[in-house]
Amino acid sequence: MDLHGRTVRRDVRELGELLGDVLADQTPVGGFDTVEALRTAAIDYRRGDRPSRDDLRQTLTSIDPDLEHVVARAFTTYFELINLAEERQRVRAIREARQAGTIEHGLAEAAALLTGADTDIQRRILHDVLIEPTFTAHPTEARRKTIKAKLRSIAAILETLDERRLLDEEHRGLLRDIEAEVISLWQTSQVRSRQPEPTDEARNVQWYFENTLFDVIPEVYDELASQLEAKGDDPIDVPPVFEFHSWAGSDRDGNPHVTTEVTEQALERHRDIALERYRSELRTLTGVLSQDAAQVDTGSRFDASLERDRERLPATAAAARRRFTDEPYRQKVAIMRERLARVGTDRPGRYESSTELLDDLERLGASLERNGARPIVESHVEPIRRQVETFGFVLATMDLRDHRENHTRTVAELLEGRGMDYSSLSEADRVDRLTELITATEPAVALDGRDDLSATATRVCDRFDALADWQAEYGEAAIDTYCISMTEEPSHVLEVLFLADQAGIVDIPDRCGLDIVPLLETESALSRAREIMGTLFENAAYRPAVDCREGPQEIMIGYSDSNKENGFLAATWSLYRNQRRLAAIAADHDIQLRFFHGRGGSISRGGGPMNEAMGALPRETVTGQIKFTEQGEAIAEKYANPRIAKRELEQMLNAQIRARREALEVGGTTVPDAWRSAMAKMADAAREEYRDLLTTEGFVPYFERATPIDVIETLNLGSRPASRTDHRRIEDLRAIPWVFSWTQSRCIIPGWYALGTAIEDYLEADGDVETLRSMYDGWAFFRTTIDNAALSLARTDMEIAAEYSELAEEEHRARFYPRIAEEYDRTVEHVRAITEREDLLTRDWLRESLDRRNPYVDPLNLLQVRLLNTEDRTDEEERTLRLSVKGIAAGMKNTG
């Protein structure tokens, strides 16, 4: 059966032609011809039909600022459209594989893994597995919300053209609709006129829950249930395996704009979205449940429930009876909708929790089943139950986060009022004093109504004071996690526990309303993990807090700063090794552990396919529960399209079920000593080479000139500042603009630099390539590491990077560019030798995508270089420069 009426080549060709028509009609004289000249010259050079890029440079040199802006907009818009064509192709591939029964790493495999295990293992897997994607507001999404809305509209039209049999007139009408959207897209500014506010970022994240995940989650559960039924003899009840979190509107680390008011607005909107979606689903259900009382026996449980509803809300029940005479199911649903409408108010009869709604849905489903209406339950009731089970009345649990320095400062100021000089205490004395205060029967300090505190301490106290109110209003599940950035000592965790205790959120040993999550992101913190966590697990205040939660201790590990600090290979090995170490520490103290992986969109920040990352984790760390961040354009790429979102979720679930089964049946990861030794040696050599590069005199000025970091820092990407301080030091720069800058210049050193030197040092010290090949074939961690580096290498273009290097001072260019280029060549050579393949990429579709994009990114890179080299740029040139950043990000499908 032919499922689709189009191909990716047709989509690319027709969208490109349509954009060309718009250019010809909408741009100044010469606009279309200039873009065409650049496009053909770039393609010819990439094909080998031109000896150099001189024609490109000459064209760019000859045009005025107005045409420069046209060029930047044309190629940026082209990439936005081509990204839609490639998204559509991915959907085609998914649908065709599903139809053929050949889809890999999906729910059929997950069901086989479950049904193939013995009963005890099966039960343990289903009990243990919980996947927690956490959506952040980190500013790596370069597109405006308005632009995204127009692109989603075009994507919907492409889907209709591809999947429906259309009349000629319908086809013509849809093509006209695309043309209208492309014209509107062209006439809309690509660059934000203002910096986004935290509420904008929160609404952006909420869109994906409301418009995609709410509908996709029931589909995942439904298909898994179908696959389990087909493969097993006994019915298997699948418990909740997904839980979503959000930092958007609650992450305060380095962002003074995230206030208590912002967080409360986000919490309220989360609840409003969830409640409105349930009311909408129940409205649809009302249309289905038209059963006449004379035709069905609703059962005593249902009848008793409906009678209680009539007593609870007599007016609503009477109105439902009049409207739905002799239709008990519709009467019940009408009352359920009214109870939902009253949540968040003081009106009687409201649902007090989502558990009460789940109970009503269960009774309704059971009554329908006793009347032979199981298909109605599966199609209409079960999806709502899964939604409520997953999203509750909170949509996504919000995690608070702040830098540990702010907590330390706040505690010091609060205790100073009691005559304690907290700042001068040693670490051991701080731990003792905090433990004493937390376990005391009375509060030590007041958090509210203080006028003797600094602005920082006031903000922190207000937050904890508000947290108690938020949990009372929205429920503890709405906001019950607190992440501490740059945790370096046990006292940094106890300070948060102390503040929560003073706010009434904690009452040791009886209650703890907060999961406190240390973020270990520096080499010093990771290397001292046993000391930090061991002290906490043995602490008289903290251990009871963990026990009160009756759940795992969550530890967040940071990929971004560790990579920026130590380089790709050393950071990757350190994180792997320290995860094993932390798992051992938790086991020694009989603590269940959940890792929270602070992954970014780029390879250097832990990006890459999530299912592959899950499979590469040390087995002893696979407890079943896993949490990870989803950031920036990665959120749009994974969750904007419902079919792709479902595919992402099913791959995650498959990987986690597989990993948990292996951990239960096989135990810890068994890696030969020779492999561990090889990794340790290579990691040490890589760290030394990487650190030497960064500390070589002149590197920071070279970075400032050979990348567009100055432009990136002024872009209105997000509400958070690009740097932690006003100084331009690598250690102060946030990881996102660090990676973003190198990606723009096509020299993606955060994703591979020093790997080649490390491998070469290993080989020269009596190592052999056969050992490395064996590691690649037999160790998922090493294979994923090499494949991720290969992807960054494939996306790197040293010819383009050379253009940027010419912007630096001659002394710095001569010192750094040859060194980086030699390392690139060295790394490519060794990666090819280990993988035994000429092409760095393992996926044909990715090679086709890069080949399709590269000729169109080149003009934008050369235009950006030209503008960066222009002194005293006009306002128009500044706008074009910022737009070039957006265009290259769209072309590379990655920022940071």
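This is a short tour of a predicted model, with a selection to make at each stop.

**Stop 1: helix α4**

Start by selecting residues 65–100, which form helix α4. Put a distance between the C-alpha atoms at its two ends and you should read 53 Å. With 36 residues at 1.5 Å a residue, the expected span is 52 Å, so the two values agree. Now bring back the surroundings: 26 of the 36 residues of α4 are buried, so the helix is largely enclosed by the rest of the structure.

Next, look at both ends. At the start of α4, show the side chain of aspartate 64: one of its oxygens comes to within 3.2 Å of the backbone nitrogen of aspartate 66. Just after the helix, pick glycine 101, whose phi is positive, at about 75°.

**Stop 2: the barrel**

Switch to a cartoon view and colour the strands. Eight of them close into a barrel, and going around you meet β1-β2-β3-β4-β7-β8-β9-β10, with parallel pairing. For a closer look, select β8 (residues 553–558) and β9 (residues 593–598); six bridges join this parallel pair. Isoleucine 557 sits opposite histidine 597 of β9.

**Stop 3: a helix pair**

Finally, select α14 (residues 354–370) together with α15 (residues 374–391). Their axes come within 10 Å and cross at roughly 170°. An angle over 145 degrees counts as roughly antiparallel, and α14 and α15 are therefore roughly antiparallel to each other. To see the contact, show side chains from α14, including Leu357, Leu361, Leu364 and Leu368, and from α15, including Val377, Val381, Ile384 and Val388. Charged residues also take part, among them Glu369 of α14 and Arg374 of α15.

Terms used
Residues are numbered from 1 along each chain as its sequence is written. This is a predicted model: local features need pLDDT of at least 70, side-chain atom pairs count only at pLDDT 80 or more; totals for chains, interfaces and linings use all residues. Side-chain values use heavy atoms; hydrogens and water are left out. Helices (H or I, at least four residues) and strands (E, at least two) are DSSP runs, numbered from the N terminus. The expected span of a helix is 1.5 Å times one less than its number of residues. Buried means under 20% relative accessible area, exposed over 50%, partly exposed in between (1.4 Å probe, protein chains only). A polar contact is a pair of N or O atoms within 3.5 Å; within protein, one must be able to donate a hydrogen and the other to accept it, and residues adjacent in sequence count only if both atoms are side-chain atoms. Two strands pair if DSSP finds at least two bridges between them. Axes are lines fitted to C-alpha atoms, for helices over the stretch in contact, and angles run from 0 to 180 degrees between N-to-C directions. Angles under 35 degrees count as roughly parallel, over 145 as roughly antiparallel, 65 to 115 as roughly perpendicular and the rest as oblique. Contact means heavy atoms within 4.5 Å.
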